Amino acid sequence: MKLPLILLIALSALLVSCDLGPDAPRGFSLPEGNVEKGKLVFTKYQCLACHSLEGFEPASDIVDNPELSIRLGGKSTRVKTYAELLTSVINPSHKLARGYRKDKIQQDGISKMTVYNDVMTVTELVDLVTFLQTNYELVPYQRSKYHAYFNQ
């Protein structure tokens, strides 16, 4: 009987310690964005110079950088949350893209992506992230098919 009580107390203490006080993200949210305006932001900041997105081609005046064409959108077995996309835009070094040569996407551990924090408005950021999120498609995880093995 004492072990479950001790576990309950330990679990409660662990949950309470997860609250970071004034630094906790609890309650934080941004207003809903506009997909069409986000598409315009995507074009305005020439995201296609370094990213690819199905159904979008860079305009003729954009300097295309084929060596640094990080894919956005598409099918994924994992949900790309609003918070993850937002963090990727405002802090590109937070989590670097997988599947690309490190020397192509980073320098000294810092993402080569331009940081737009001082030029992009909050409204533009919200619209951009809303637009990006609509370009991801959640694909259910496919479980492995195992054959029945019989002992003889």
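Q: In which helix does T130 lie?
A: Welcome to this predicted model. To place T130, look for the helix that spans residues 122–133. The helix that holds T130 is α5.

Q: Is T130 buried or exposed?
A: A residue is called buried when its relative accessible area is under 20%. For T130 the relative accessibility is 14%. That value falls under the cut-off, so T130 counts as buried.

Q: Which residue has its backbone oxygen 2.8 Å from a polar atom of the side chain of T130?
A: Start at the side chain of T130 and look for a backbone oxygen. The distance to find is 2.8 Å. The oxygen belongs to V126.

Q: Which residues does T130 touch, not counting residues up to four places away in sequence?
A: Here V126 is set aside, as residues up to four places away in sequence are not counted. What remains is a list of four names, and one of them, N34, also caps the N-terminal end of α2. The residues touched by T130 are G33, N34, V35 and Y82.

Q: How does N34 cap α2, and what is the distance from its side-chain oxygen to the backbone nitrogen of E36?
A: Helix α2 covers residues 35–44. N34 caps the N-terminal end of this helix with a side-chain oxygen, which faces the backbone nitrogen of E36. The distance between the two atoms is 2.9 Å.

Q: Which residue forms a salt bridge with E36?
A: The partner lies in helix α2, as E36 does, 3 residues apart from it, which is about one turn of the helix. An α-helix has 3.6 residues a turn, so residues three or four places apart point the same way. The closest N and O atoms of the pair are 3.7 Å apart. The partner is partly exposed, with a relative accessible area of 29%, and its name is K39.

Q: Which residues of helix α2 are buried, and what arc do they cover around the axis?
A: The buried residues of α2 are G38, V41 and F42. They lie on the same side of the helix because the arc they cover around the axis is only 105°.

Q: Which elements do the buried residues of α2 pack against?
A: The face of α2 turned away from the buried side carries the exposed residues L40 and K44. To find the packing partners, look instead to the side with G38, V41 and F42. The partners there are β1, β2 and α5.

Q: Which residue meets K44 in a salt bridge?
A: K44 counts as exposed, at 53% relative accessibility. Its partner sits in helix α5, so the bridge links distant parts of the chain, 80 residues apart. The N to O distance is 2.6 Å. The partner of K44 is E124.

Q: Is E124 buried or exposed?
A: E124 lies in helix α5. Its relative accessible area is 12%, and the cut-off for buried is under 20%. E124 is therefore buried.

Q: Which residues is E124 in contact with, leaving aside its neighbours within four places in sequence?
A: Within α2, look for V41, one of its buried residues, and for K44, one of its exposed residues. A backbone nitrogen also lies 2.9 Å from a polar atom of the E124 side chain, but it belongs to T121, a neighbour in sequence that is left aside. The contacts of E124 are V41, K44, Y45 and V119.

Q: Why is the pair of F56 and F131 edge-to-face?
A: The ring centres are 5.6 Å apart, and pairing needs centres within 6.5 Å. The planes stand at 85°, and edge-to-face needs over 60 degrees. The pair is therefore edge-to-face, given a plane angle of 85°.

Q: Where do F56 and F131 lie?
A: The pair links distant parts of the chain, 75 residues apart. F56 is partly exposed, with a relative accessible area of 23%, whereas F131 is buried, at 2%. F56 is in the loop between β1 and β2, and F131 is in helix α5.

Q: Which residues do ring pairs link into a cluster?
A: The structure has 4 aromatic pairs. One of them joins F56 and F131, and the cluster also takes in F42, a buried residue of α2. The linked residues are F42, F56 and F131.

How values were computed: Residues are numbered from 1 along each chain as its sequence is written. This is a predicted model: local features need pLDDT of at least 70, side-chain atom pairs count only at pLDDT 80 or more; totals for chains, interfaces and linings use all residues. Side-chain values use heavy atoms; hydrogens and water are left out. Rings of Phe, Tyr and Trp (its six-membered ring) pair if their centres lie within 6.5 Å; planes under 30 degrees apart count as stacked, over 60 as edge-to-face and the rest as tilted. Buried means under 20% relative accessible area, exposed over 50%, partly exposed in between (1.4 Å probe, protein chains only). The arc is that of the directions from the helix axis to the C-beta atoms. Contact means heavy atoms within 4.5 Å. A polar contact is a pair of N or O atoms within 3.5 Å; within protein, one must be able to donate a hydrogen and the other to accept it, and residues adjacent in sequence count only if both atoms are side-chain atoms. A salt bridge is a side-chain nitrogen of Lys or Arg within 4 Å of a carboxyl oxygen of Asp or Glu.
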